[in-house]
Amino acid sequence: MRPATSKPAVRTGARRWRGGVLVGLAFALLASTPVSAVAADPTQAGRAGGGWILGNLVAVVLALLSVALLMLVWNAMLRRVVAEQTAKLRRSEERFALAEAGTNDGIWDWDLRTGAVYFSPRFKELIGCGDVDLDYNWEAWRSRIHPDDLPDVMTQLDAHLQRRTPRFRCEHRLRHKDGSWHWALARGKALWDEQGNAYRMVGALSDVTERRRLEQQLAQAQKMEALGQLTGGVAHDFNNRLTAILGNLELIEDRPGLDEEGHSLARSAIRSVLRSAELTRRLLAFSHQQSFRPEIVDLNELLTGLKILLQRTLGESVEVKFELAVALGKTRVDPGQMENAILNLAINARDAMPNGGRLAIETANVELQQKDLVGGTGDIGPGRYVVLTASDTGGGMSAEQVEGAFDPFFVAENARAGRGLGLGMVYGFVKQSGGYVRIDSAAGRGTAISLYLRRETAGGDADAALDAEAEAHEHETILVVDDDPEVRDFLDTVLSSLGYRVMLAPDGQVALDLVSRSDRIDLMLTDIGLPGGMRGPDLARKAAALKSGLRILFMSGYAEKEQRDGAAIEADAELLHKPFRKSELAATIRRTLDRAQV
């Protein structure tokens with residue numbers, strides 16, 4: 001709303017002007033008195049002769065001069081008043097412009113009787129019309145409101161004009177000049193006359209598009225966090241079930257007298273349980289609760305299991321071709337993160353081929369000598385590797401893009417190139433696994449990304465170390481604490497078969513009672529999540545205070561990193577991740593007991 005010139009000051013100037021004219025006329029009448037007197041007495045005119053003409057002329061001239069002088073004086077006074085009011089108006093407009101710029105709001109002033117609306121320059125800029133002439137009326141605004149938002153805007157506006165709300169406030173979408181929709185916050189206040197009729201409304205408009213976007217991102221993040229927590233909880237409970245199933249199946253398989261068909265059925269069931277355990281691991285990875293757990297992996301087997309998922313993820317426009325090496329060596333990686341790395345490579349390849357194309361995934365055994373490292377292998381060292389390469393037929397990458405491909409901000413800067421999503425994660429995972437990443441690409445000829453992973457030696461399979469089940473030493477006692485009765489029963493059976501004396505407790509309080517009453521407990525195997533308000537780490541600290549030398553082994557159906565960070569577990573404490581094999585349980589218990597006795 002533009003500031004108006006002060007009306008009282010103008011009226012005062014006008015009154016002074018009229019007063020000056022009246023005074024001038026009065027002086028003129030007084031000066032013309034000799035003319036009137038002479039005209040009324042002819043005898044005097046005769047005696048004066050021709051002098052009366054000169055006298056009248058002088059009087060008239062004096063009257064005119066006095067009027068002109070007064071006009072000049074009052075005109076100067078009026079100019080000064082106008083100049084003062086103009087300066088005030090200019091200062092007011094400057095303050096208005098600075099205030100509008102400082103708040104970044106657009107101002108509107110609506111005459112409700114005529115429908116005319118004043119839109120400030122900033123208002124026009126907010127809708128992209130700063131350089132075009134905009135109709136200054138209500139319809140020019142109303143026509144830009146999103147159809148889905150218009151009913152709510154009209155409801156809020158009517159409520160304020162009817163004095164049901166103290167102010168008008170409404171968020172809605174406005175059509176920008178380029179056709180896009182921007183979120184706006186409209187605020188205003190109406191003025192009413194003595195009869196209670198609204199005749200004017202003044203307000204401001206703010207662009208809140210960025211705020212709404214951030215709110216949506218926060219809501220999505222909270223939704224994903226809640227979903228992740230739910231998923232992690234389901235995976236935890238499922239891991240408890242699998243622990244009991246897997247353990248009992250292994251006991252059945254080891255039972256003397258079981259025929260070959262029974263062994264075959266048991267092994268088949270165990271494989272199914274292990275696949276189910278892989279499913280829970282993926283759920284934990286989705287909920288961001290999966291830690292880095294390297295193990296010996298056959299990439300060919302892993303890729304075979306991913307074939308259907310890859311094809312469904314990439315769609316029909318991308319042809320996926322697998323070229324898997326015969327007798328491929330094994331490597332030590334986290335299988336879940338390896339799958340994520342392969343999926344990221346595939347998705348990047350798909351994005352680089354918007355019109356479709358071919359993705360080739362190859363595996364190979366490679367042995368690099370020092371002489372092979374000349375010419376572009378970067379920081380790759382000599383040695384024996386298992387190499388996985390993903391090649392696409394996309395537009396390729398420039399040298400600058402290749403150089404910055406692993407930058408975390410690469411995706412934001414190169415979105416149109418279809419590259420960057422997760423490449424930093426792939427690089428970090430491969431380096432964490434002791435390997436290297438190489439990119440071979442050029443603009444116009446596609447891209448090949450190769451993951452060099454250290455090949456394990458024939459005797460390097462860590463699972464072989466778990467095959468030898470360590471039996472208990474004489475009279476060694478283990479206290480098992482778990483709220484799941486099936487898990488307790490399984491552990492009781494397995495540990496008893498290994499020669500340990502076993503004590504069972506369903507919660508922390510019962511476990512503490514057993515610790516305080518028992519003469520000998522060598523190790524306490526406790527779940528981290530226990531009922532009754534006493535978690536595993538709390539129980540471990542209290543039990544250790546009651547019995548010095550007590551060794552602690554934790555187990556959990558949640559991920560290792562999540563448990564260590566959330567439950568304040570010592571970095572060097574042993575932790576079994578459910579479900580675990582019988583051999584893994586035996587080896588971990590023996591290692592924990594022996595390490596504590598050194």
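**Exercise 1. How many bridges join S15 to strand S16, and in which sense do the two strands run, parallel or antiparallel?**

Conventions come before the solution. The model is predicted: local features need pLDDT of at least 70, side-chain atom pairs count only at pLDDT 80 or more, and totals for chains, interfaces and linings use all residues. Residues are numbered from 1 along each chain as its sequence is written, and side-chain values use heavy atoms, with hydrogens and water left out.

Solution.

Step 1. Strands (E, at least two residues) and helices (H or I, at least four) are DSSP runs numbered from the N terminus. Strands count as paired if DSSP finds at least two bridges between them.

Step 2. S15 and S16 (residues 551-556) are joined by five bridges and run parallel. In this pair, leucine 523 stands opposite arginine 551 of S16.

Step 3. Helix H18 (residues 536-546) packs on the sheet and touches S13, S15 and S16. Its direction makes about 160 degrees with that of S15. Axes here are lines fitted to C-alpha atoms, for helices over the stretch in contact, and angles run from 0 to 180 degrees between N-to-C directions.

**Exercise 2. Place S13 in its sheet and describe its surroundings.**

Solution.

Step 1. The open sheet has five strands in the order S14-S13-S15-S16-S17, with parallel pairing. S14 and strand S17 (574-577) are at the edges with a single partner strand each, so one side of each lacks a neighbour in the sheet. Neighbouring strands are turned by 20 degrees against each other on average, direction ignored.

Step 2. S13 and S14 (residues 501-505) run parallel and are joined by five bridges; valine 480 is opposite leucine 504 in S14.

Step 3. Buried means under 20% relative accessible area, exposed over 50%, and partly exposed in between, with a 1.4 Å probe and protein chains only. Five of the five residues of S13 (residues 477-481) are buried, so the strand is largely enclosed by the rest of the structure.

Step 4. Thr477, Leu479 and Val481 point one way from S13, while Ile478 and Val480 point the other way. In a regular strand, side chains alternate between the two faces of the sheet.

Step 5. Helix H17 lies across S13 and S14, at about 140 degrees to S14.

**Exercise 3. Locate serine 518 and list its contacts.**

Solution.

Step 1. Serine 518 is in the loop between helix H17 (508-517) and strand S15 (523-527). With 15% relative accessibility, serine 518 counts as buried.

Step 2. Contact means heavy atoms within 4.5 Å. Not counting residues up to four places away in sequence, serine 518 touches Met503 and Lys547.

Step 3. The C-alpha atoms of serine 518 and methionine 503 are 9.9 Å apart, with their positions 15 residues apart in sequence.

Step 4. The serine 518 side chain reaches the backbone oxygen of leucine 514 at 2.6 Å. A polar contact is a pair of N or O atoms within 3.5 Å; within protein, one must be able to donate a hydrogen and the other to accept it, and residues adjacent in sequence count only if both atoms are side-chain atoms.

**Exercise 4. Which residues touch the most other members of the largest nonpolar core?**

Solution.

Step 1. A nonpolar core is a set of buried Ala, Val, Leu, Ile, Met, Phe, Trp, Tyr and Cys residues joined through side-chain atoms within 4.5 Å.

Step 2. The largest core has 36 residues, and Leu299, Met338, Ile342, Leu345, Leu359, Leu388 and Leu451 touch the most other members. Elements giving two or more residues include helix H10 (299-314), helix H11 (335-351) and helix H14 (423-432). H11 gives the largest share, seven residues.

Step 3. Apart from neighbours within four places in sequence, leucine 299 contacts Leu328, Thr331, Met338, Val386, Leu388 and Leu453.

Step 4. Threonine 331 lies in strand S8 and is buried, with a relative accessible area of 1%. A polar atom of its side chain is 2.8 Å from the backbone oxygen of arginine 454.

**Exercise 5. Which residues of H14 are buried, and what covers them?**

Solution.

Step 1. The buried residues of H14 are Leu423, Val426, Phe429 and Val430. They cover an arc of only 125 degrees around the axis, which puts them on the same side of H14. The arc is that of the directions from the helix axis to the C-beta atoms.

Step 2. Their cover includes strand S8 (331-333), H11, S11 and S12.
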